[in-house]
Structures are given as structure tokens and as C-alpha cells.
Amino acid sequence: MSLIAILDVAHPDLALTPTIRDCPEASIEVVSHSTTDPETGLFFFLVRNADETFEQVLEADHTVADWLLIDDLGSTRLYRLEHTEGTKLISPMATELGGLLLRAESNDRGWTVRLHLPDREALAALWDRCKDCDISFELHRMFRRDEWTDGVAPEVTDEQRAALVTAYEEGYFEEPRETSLEELADSLDISPTAVGGRIRRGTGTLVETTLLEE
């Protein structure tokens, strides 16, 4: 039986932290399979909503030794990066403890990571290693996984995430409601029917991938 842990980590020398700080509008995600062999020194990142200054900031980032734009799809870019020697990385720590980085996304301070670990002892050991390196470690949630599946667990889409976050921020889930589907539709520039569908499907996915696994 294994453990899934979702946590936030932050440190000035964690990978791409300066870029995350200086480009808050950009969303950065680790391409997870590229970190299964950390000895290569090469890591891949998906970057969304980056503006024209992003690569200038990347060039000045002290955690980046070299970078290469692999693909540019407009709103999404794929980069290959090599980190400097002093860069702090979570994925090798997890690998050494028998774990695996499943997902990592930038937040306003650093990274939100989803880890597969063998047990609670490995999670405690990871916490100790982060503490020794002065890495901020905030555990949000952990749950057991009784079996391993090859498929990727379903997650909310960008459209569902936008609908859910907007609905939450504007009071749709309050009692009584502080907004309506029509008003949310105006904010998101889609139809009320589409908003309702995204909220229902997104909520269903969140229940499936969180509550049912605990």
C-alpha cells in the first residue's frame, strides 16, 4: 500500500523560483516523466500564459544554467532546462526515498507537488530533508492508494477550473447564493448552460479524485 501526498514547497533556490516570482501571470508545470532520471540533469517544463519578457527573466534566473525552447504552441510553450549546481530539487529527494514525482505546478511562492511515496516514514524522511535544506514544506493532503493503475487520474480541465474558481470567488457556493449562472456566464463569456456543465463536471471530478481516494 502506497501513499499520495500533495504539498507546497518553497525556497529561493528551488528550481525556477526567481522566474515564478518575476512572472506571476505564467503557469509552469513539470513534465513529470522527465524527472524519473534526475542524473541526466535535463528537465522539461510546460509554460502557459507567458508574456514577451518570460525568456529574459529565464535568462537571469540563477537556478537555470541553460535552456532551450522545444515547442511554441502560442499560449503554451515547452522548454528543456538544465539547472545550476546549487539549485534545490524535490524530485531527486523523492526518488532516493523510493518515491516518484507525479505532478508539480508553480504557485505564488514556489511549487505545489503531488508525490507517490511508499509510506508515511518516507514522507517524514522527506520532511526532515526539506527542513535540513531550509525548504518550506506545507502538507495539504495525503491519502492511501491500494493499487497502482497505468492510467492518469482524471483532473479538472482548465475550463472547469476557471468556472469553479470564478464561481467560488463570486459567491456561487454561498447560502444564499451571491451570484447566478447568468452572471458567471457574463464573467466567463460563455453561456449559462456551459457554466453549469463545467461546474457539475468539475465538481464530480474533484470528488472522484479526492474524497473517494481518502
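In the predicted model, strands S6 (residues 100-106) and S7 run antiparallel and are joined by six bridges. Within this pairing, Leu101 has Leu115 of S7 as its bridge partner. The connection from S6 to S7 is a hairpin of four residues.

Strand S7, which spans residues 111-117, also pairs with strand S1 (residues 2-10). This second pairing is likewise antiparallel and comprises seven bridges; in it, Asp8 lies opposite Thr112 of S7. Strand S7 therefore has both S1 and S6 as antiparallel partners, and the strand is mostly covered, with six of its seven residues buried. In a regular strand, side chains point alternately to the two faces of the sheet.

A buried position outside the strands is provided by Ile135, which is located in the loop between helix H4 (120-132) and strand S8 (136-145). The relative accessible area of Ile135 is 5%, so this residue falls under the 20% limit and counts as buried. Beyond the neighbours within four places in sequence, Ile135 is in contact with Val9, Ala10, His11, Leu14, Lys88, Ile90, Met93 and Cys130. One of these contacts, His11, is separated from Ile135 by 124 residues in sequence, yet the two C-alpha atoms are 5.2 Å apart. Val9 and Ala10, also among the contacts of Ile135, belong to strand S1, which covers residues 2-10.

Helix packing was examined for H5 (residues 158-169) and H6 (residues 181-188), whose axes are 11 Å apart and enclose an angle of about 125 degrees. Because this angle lies between the limits of 115 degrees for a roughly perpendicular and 145 degrees for a roughly antiparallel arrangement, H5 is oblique to H6. The crossing of H5 past H6 is right-handed. On the H5 side, the contact is formed by Ala162, Ala163, Thr166 and Ala167, and on the H6 side by Leu184, Ser187 and Leu188.

At the level of the whole protein chain, seven helices and eight strands are present. Of the 214 residues, 42% are buried. Among contacts with a sequence separation of 6 or more, 64% link residues 24 or more positions apart. The contact of Ile135 with His11, at a separation of 124 residues, is an example of such a pair. The exposed area of the protein chain amounts to about 12200 Å², of which carbon and sulfur atoms supply 49%.

Conventions. Residues are numbered from 1 along each chain as its sequence is written. This is a predicted model: local features need pLDDT of at least 70, side-chain atom pairs count only at pLDDT 80 or more; totals for chains, interfaces and linings use all residues. Side-chain values use heavy atoms; hydrogens and water are left out. Buried means under 20% relative accessible area, exposed over 50%, partly exposed in between (1.4 Å probe, protein chains only). Helices (H or I, at least four residues) and strands (E, at least two) are DSSP runs, numbered from the N terminus. Two strands pair if DSSP finds at least two bridges between them. Contact means heavy atoms within 4.5 Å. Accessible areas come from the Shrake-Rupley method with a 1.4 Å probe; for residues, only the protein chains shown count as cover. Axes are lines fitted to C-alpha atoms, for helices over the stretch in contact, and angles run from 0 to 180 degrees between N-to-C directions. Angles under 35 degrees count as roughly parallel, over 145 as roughly antiparallel, 65 to 115 as roughly perpendicular and the rest as oblique. A crossing is left-handed if the near helix is turned anticlockwise from the far one by less than a right angle, and right-handed if clockwise.
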